[in-house]
Amino acid sequence: MDRYEEELLRRRVYGADHDHPGPRPDRRYAELVGGPLDGLLLDITGRTHDEVGTGVALATELGQFGAGGRAVYDPRPGDPARFDWAGDTP
């Protein structure tokens, strides 16, 4: 993957429509840091502080377990705008 393709991925929103992959101004996002989804944005609009604090397991084919696997991301302590990769799960 060249640098241009990497930059495109970094501004994409996880799970977004391919026709409109970028962030929207009326939504709230957290950046995914590390792991197979590094640099993607996760839409956390409408989630409470408690819901955001529990982390997420996101479906991805890019992780250790391939198709059907999930990448686990936990909110970074003191920085709710970033979720750090905690590992992969089947």
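Gly63 is located in the loop that connects β3 and β4 of this predicted model. In sequence, Gly63 and Leu37 are 26 residues apart, yet their C-alpha atoms are 8.5 Å apart in space. When neighbours within four places in sequence are left aside, Gly63 is in contact with Pro36 and Asp88. Asp88 itself belongs to a strand pairing, since this residue of β5 stands opposite Ala71. Leu37 also recurs elsewhere in the description, as one of the residues nearest the centre of the largest pocket.

Confidence in the model was examined next. The protein chain has an average pLDDT of 85, and 89% of the residues score at least 70. Confidence is highest in β4, at 95, and lowest in helix α1, which spans residues 3-10 and has a mean of 50. Where pLDDT is low, predicted coordinates should not be read in detail. The strand pairings are described below.

The strands form an open sheet of 5 members with mixed pairing, in the order β2-β1-β5-β4-β3. Its edges are formed by β2 and by β3 (56-59), each of which pairs on one side only. On average, neighbouring strands of this sheet are turned by 35° against each other, direction ignored. Strands of a sheet pair through backbone hydrogen bonds, in either a parallel or an antiparallel sense.

At one end of this order, strand β1 (residues 29-33) pairs with strand β2 (residues 41-43) in the antiparallel sense, over 3 bridges. Strand β1 is also joined by 3 bridges to β5 (residues 79-89), and these two strands run parallel. Glu31 takes part in both pairings: its bridge partner in β2 is Leu41, and its bridge partner in β5 is Arg82.

On its other side, β5 pairs with strand β4 (residues 70-76) in the antiparallel sense over 7 bridges. Several residue pairs can be followed along this pairing. Ala71 stands opposite Asp88, Val72 stands opposite Gly87, and Asp74 has Asp84 as its bridge partner. The hairpin of β4 and β5 has 2 residues between the strands, and in it Gly78 takes a positive phi near 80°. Strand β4 is further joined to β3 by 4 bridges, in an antiparallel arrangement. Within that pairing, Val56 has Tyr73 of β4 as its bridge partner. In a regular strand, the side chains alternate between the two faces of the sheet.

The open space of the model was also analysed. Rolling a probe the size of a water molecule over the atoms shows where empty space is left. The largest pocket holds about 250 Å³ of space. Its lining comprises 13 residues, of which Arg12, Tyr14, Gly15, Leu37 and Leu40 lie nearest the centre. By class, 8 of the lining residues are nonpolar, 3 are polar and 2 are charged. Leu37 thus links two parts of this account: it is among the residues nearest the pocket centre, and its C-alpha atom lies 8.5 Å from that of Gly63.

Notes:
Residues are numbered from 1 along each chain as its sequence is written. Side-chain values use heavy atoms; hydrogens and water are left out. Two strands pair if DSSP finds at least two bridges between them. Axes are lines fitted to C-alpha atoms, for helices over the stretch in contact, and angles run from 0 to 180 degrees between N-to-C directions. On a 1 Å grid over the protein atoms alone, a cavity is a set of points where a 1.4 Å probe fits but cannot get out, and a pocket is an open set with protein on both sides within 12 Å along at least five of seven lines; lining residues have an atom within 4 Å of a point. Grid points are joined across faces, edges and corners, and a volume is the space filled by probe spheres set on the points. Ala, Val, Leu, Ile, Met, Phe, Trp, Tyr, Cys and Pro count as nonpolar, Asp, Glu, Lys and Arg as charged, and the others, Gly among them, as polar. pLDDT is the predictor's confidence in each residue, from 0 to 100. Contact means heavy atoms within 4.5 Å.
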